[in-house]
Amino acid sequence: MKGEHVKRKSTQLNGVEMSIETNRSNAVQDLLAGLASGAVDVVDLTQPLSESTPVMRVPEPFVNVSGLKMTEISNFDDRGPRWTWNHLELGEHVGTHLDAPRHWISGKGGEDVASVPLPRLVGPAVVIDRTAKVEENPDYLLTIDDVQEFIAEHGPLPDGGWLIYRTGWDKRVHDESLFLNNASGSARTPGIAPECAKWIAQETGILGIGVQTVGTDAGAGPTFDPPAPVHYYMLGAGKYGVTSLTNLEQVPATGAMIIVAPLRLVGGSGSPARVMALVPRT
Ligand code: MN
């Protein structure tokens, strides 16, 4: 109906440029009106970032990333009587964060996080929920059949969109041992089957995969062929990953828009990010 409205206007105005401008202006106004009325909700998909945020562990002899360390510069004292502020020390891949293509060997020399075009970080989101399967089996891997089943029910994957893999794993984030689930010596967390990761990266218009675990790959991912296939195929295709998402129960299977906002870190292989969804409320 909105499309027809815009079209009618362009006929009356008798100018293509005018109609495009009108259309754009209306789209933003419509969104603002939706936000003001509550017809559009903003849902925070970001985990709080603190010194107790659980951090990915790589096996010996590889070097691990450091979690957040916050050091006071001044706190309304002799060092700065009218202000409080802190220094931050943290790895790029800590908490809810974006993986840029150059993070992985398959994307070596590719986009750094500062070069990722913003339109690629704003787009339609589809949420595939396998919480029940993961409750039965923490090593559960999303398959091509799972995605095809979703498509049969909800329609095609959106070009330029993000596939969000909901597993309920965010409920464990308060306890690092539960979240990393590596008491046995190897991590047991859900992920995506290698052939499914390859298919999404190479055969679909999906630009990014979002997960609720500490990394985009399964805990057993390092043992797969290739190791860490989500990293390998997605970043190798110049695409992206986002980890440690929460509040996905507030996002519908289709119809939401995701915004991924990492730091514009020059040379960065990734960055902590604020991730949010615009969700229609009807
Ligand atoms: Mn990462």
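Here is a walk through this predicted model, from the whole chain down to a few of its residues.

Let us begin with the overall build. The chain contains seven helices and twelve strands. Along the principal axes, its C-alpha atoms fill a box of roughly 70 × 60 × 40 Å. How does the radius of gyration fit a compact globule? A compact globule of 282 residues would have a value near 19 Å, and the chain has 21 Å, which agrees. The chain is divided into domain 1, covering 10-38, and domain 2, covering 92-280. If you take the centres of domain 1 and domain 2 over C-alpha atoms, 33 Å separate them.

Next, the contacts and the surface. Counting contacts in the chain with a separation of 6 or more, 72% are between residues 24 or more positions apart. Buried residues make up 42% of the 282 in the chain. The chain exposes about 15,200 Å², and 55% of that area is supplied by carbon and sulfur atoms. As for charge, there are 23 positive and 33 negative charges, and their mean positions are 5 Å apart.

Now for some loops, where three residues are worth a visit. Look for Thr 167 in the loop between strand E7 (162-166) and helix H5 (176-180). Is Thr 167 buried or exposed? Its relative accessibility is 5%, and the cut-off for buried is under 20%, so Thr 167 counts as buried. Setting aside residues up to four places away in sequence, Thr 167 touches Thr 131, Val 134, Pro 190 and Gln 212.

Further along, Leu 207 sits in the loop between helix H6 (194-203) and strand E9 (208-210). With a relative accessible area of 12%, Leu 207 is buried too. Which residues does Leu 207 contact, leaving aside its neighbours within four places in sequence? They are Arg 120, Gly 160, Gly 161, Trp 162, Met 234, Lys 239 and Tyr 240. One of these partners, Met 234, is 27 residues from Leu 207 along the chain, yet their C-alpha atoms are separated by 8.1 Å.

The third stop is Thr 216, in the loop between E9 and helix H7 (229-236). Thr 216 has 2% relative accessibility and counts as buried. Not counting residues up to four places away in sequence, Thr 216 touches Asp 99, Ile 209, Val 211, Val 230, His 231, Gly 241, Val 242 and Thr 243. Along the chain, Thr 216 and Gly 191 are 25 residues apart, while 6.9 Å separates their C-alpha atoms.

These contacts lead us to H7. Val 230 and His 231, which Thr 216 touches, are among the buried residues of H7, and so is Met 234, a contact of Leu 207. The other buried members of H7 are Pro 229, Tyr 233 and Leu 235. In total, six of the eight residues of H7 are buried, leaving the helix mostly covered. What do the buried residues of H7 pack against? They pack against strand E4 (97-99), strand E8 (191-192), H6, E9 and strand E10 (240-242). After H7 comes Gly 238, where phi is positive, near 75 degrees.

Note on methods: Residues numbered from 1 in each chain as written. Predicted model: local features only at pLDDT ≥ 70, side-chain atom pairs only at ≥ 80, totals over all residues. Heavy atoms only, no water. Helix = DSSP H or I, 4+ residues; strand = E, 2+ residues; numbered from the N terminus. Rg over C-alpha atoms; globule rule 2.2 N^0.38 Å. Buried < 20%, exposed > 50% of the residue type's maximum accessible area, 1.4 Å probe, protein only. Contact = heavy atoms within 4.5 Å. Areas by Shrake-Rupley, 256 points an atom, 1.4 Å probe, with all protein chains shown as cover. Lys, Arg positive; Asp, Glu negative; His and termini not counted. Charge placed at Lys NZ, Arg CZ, Asp CG, Glu CD. Domains from an automatic or database assignment.
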